[in-house]
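The following exercises concern strand pairing, salt bridges, the nonpolar core and overall dimensions. Please attempt each task with the structure in view before reading its solution.

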Amino acid sequence: MQALHERILRAHGGEERWRRLNRVVSTASAGGSLFLAHLQPRPLREAEIALEPGRCRVSIAPFARDDQVGVFEPRRVWILDDDGRVVGERGAPGTVTRSLRHWMVWDSLDVLFVLGVSIWQALLLPLMLARSGVVVDGESGREEGVRLDWMDVHLPGDLPVPAPEQRLYTDPTGALVRAEYSPVVWGRMIRVVQTLEAPEAVEGLVFPLRQNLYPCMGAGQPLRTTRLAWLEFGDLGVTLAAA
């Protein structure tokens with residue numbers, strides 16, 4: 001459904017403006033039962049984050065300790081100390097999160113990978129939809145008397161997303177309200193719903209400042225009594241390339 005694809009981009013600031021995005025900075029907090037179940041009850045509290053789309057990188061400070069910085073890239077995660085020395089790193093982190101240990105406990109590098117993917121999806125979904133190679137299809141429906149449009153997308157494999165195949169739901173204006181997918185890091189054995197809330201416009205681009213992740217009960221309905229994860233952003237700023 002190409003018309004809905006274009007409407008989503010317009011509702012969030014327009015394709016041309018998203019393509020000029022150089023950097024996003026924000027404060028961020030995260031938590032939820034998913035982290036608690038893996039012995040990571042406080043993964044992120046009022047940390048400073050920076051996203052660099054051109055480098056496909058997310059930086060988080062502080063991370064794990066007050067004197068450390070975590071850096072995420074799709075093929076590598078690493079932690080730096082105050083002197084810029086690497087004190088921990090892991091290549092191909094996505095394969096590690098599918099190990100047997102991953103089902104029982106996460107270490108700091110696992111958390112860094114999960115947070116990096118989650119933050120990227122949370123703040124840059126419209127930018128990813130502007131990429132070439134995105135395959136779309138869709139239809140319309142109604143939920144509790146409110147019209148929702150939805151679009152099935154297949155995102156390019158080089159993007160750091162929780163799942164390449166996703167169903168995206170919008171309100172009548174094209175604003176994204178939730179995403180439904182089966183996370184690759186969980187072996188695609190469960191389906192989840194990510195709600196996108198509290199939109200805010202910054203330099204003409206629209207970002208959701210509050211997001212929640214729930215199990216999917218079917219037909220895109222979230223099981224709201226079980227919040228798997230949450231993300232909240234504040235003091236968001238962006239840097240755009242000159243037009």
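**Exercise 1. Determine which residue of β13 stands opposite Arg 210, and trace the pairing of the strands around it.**

Solution. Step 1: Arg 210 stands opposite Glu 232 in β13. Strands here are DSSP runs of E with at least two residues, helices are runs of H or I with at least four residues, and both are numbered from the N terminus. The model is a predicted one, in which local features need pLDDT of at least 70 and side-chain atom pairs count only at pLDDT 80 or more, while totals for chains, interfaces and linings use all residues. Residues are numbered from 1 along each chain as its sequence is written, and side-chain values use heavy atoms, with hydrogens and water left out.

Step 2: β12 (residues 205-215) and β13 (residues 229-240) run antiparallel, joined by four bridges. Two strands count as paired if DSSP finds at least two bridges between them.

Step 3: β11 (residues 192-202) is also antiparallel to β12, through 10 bridges. Within this pairing, Leu 196 stands opposite Gln 211. Two residues lie between the strands of the β11 and β12 hairpin, where Glu 203 takes a positive phi near 55°.

Step 4: Of the 11 residues of β12, 10 are buried, where buried means under 20% relative accessible area, exposed over 50%, and partly exposed in between (1.4 Å probe, protein chains only).

**Exercise 2. Which residue forms a salt bridge with Arg 210, and are the two partners buried, partly exposed or exposed?**

Solution. Step 1: The side chain of Arg 210 meets that of Glu 197 in a salt bridge with an N to O distance of 3.0 Å. The criterion is a side-chain nitrogen of Lys or Arg within 4 Å of a carboxyl oxygen of Asp or Glu.

Step 2: This pair links distant parts of the chain, with Glu 197 in β11 and Arg 210 in β12, 13 residues apart.

Step 3: Glu 197 counts as partly exposed because its relative accessibility is 22%; Arg 210, at 35%, is likewise partly exposed.

Step 4: For a further example, Arg 55 bridges to Glu 52, with the closest N and O atoms 3.2 Å apart. Arg 55 is partly exposed at 48% relative accessibility, whereas Glu 52 is buried at 16%. The structure holds 15 salt bridges.

**Exercise 3. Identify the residues with the most contacts inside the largest nonpolar core, and the helix that gives the most to this core.**

Solution. Step 1: A nonpolar core is a set of buried Ala, Val, Leu, Ile, Met, Phe, Trp, Tyr and Cys residues joined through side-chain atoms within 4.5 Å. The largest has 65 residues, and Ile 60, Ile 119 and Leu 123 have the most contacts inside it.

Step 2: Helix α5 (residues 108-129) gives the most to this core, with 16 residues.

Step 3: Beyond its neighbours within four places in sequence, Leu 123 is in contact (heavy atoms within 4.5 Å) with residues including Trp 18, Ile 49, Phe 207 and Phe 233.

**Exercise 4. How does the radius of gyration of the protein chain relate to the globule rule?**

Solution. Step 1: The secondary structure comes to five helices and 13 strands.

Step 2: The radius of gyration is taken over C-alpha atoms, and the rule is 2.2 Å times the number of residues to the power 0.38. The chain has a value of 17 Å, close to the 18 Å given for 243 residues, so it is as compact as a globular protein of that length.

Step 3: The C-alpha trace spans about 50 × 45 × 30 Å along its principal axes, and 53% of the 243 residues count as buried.
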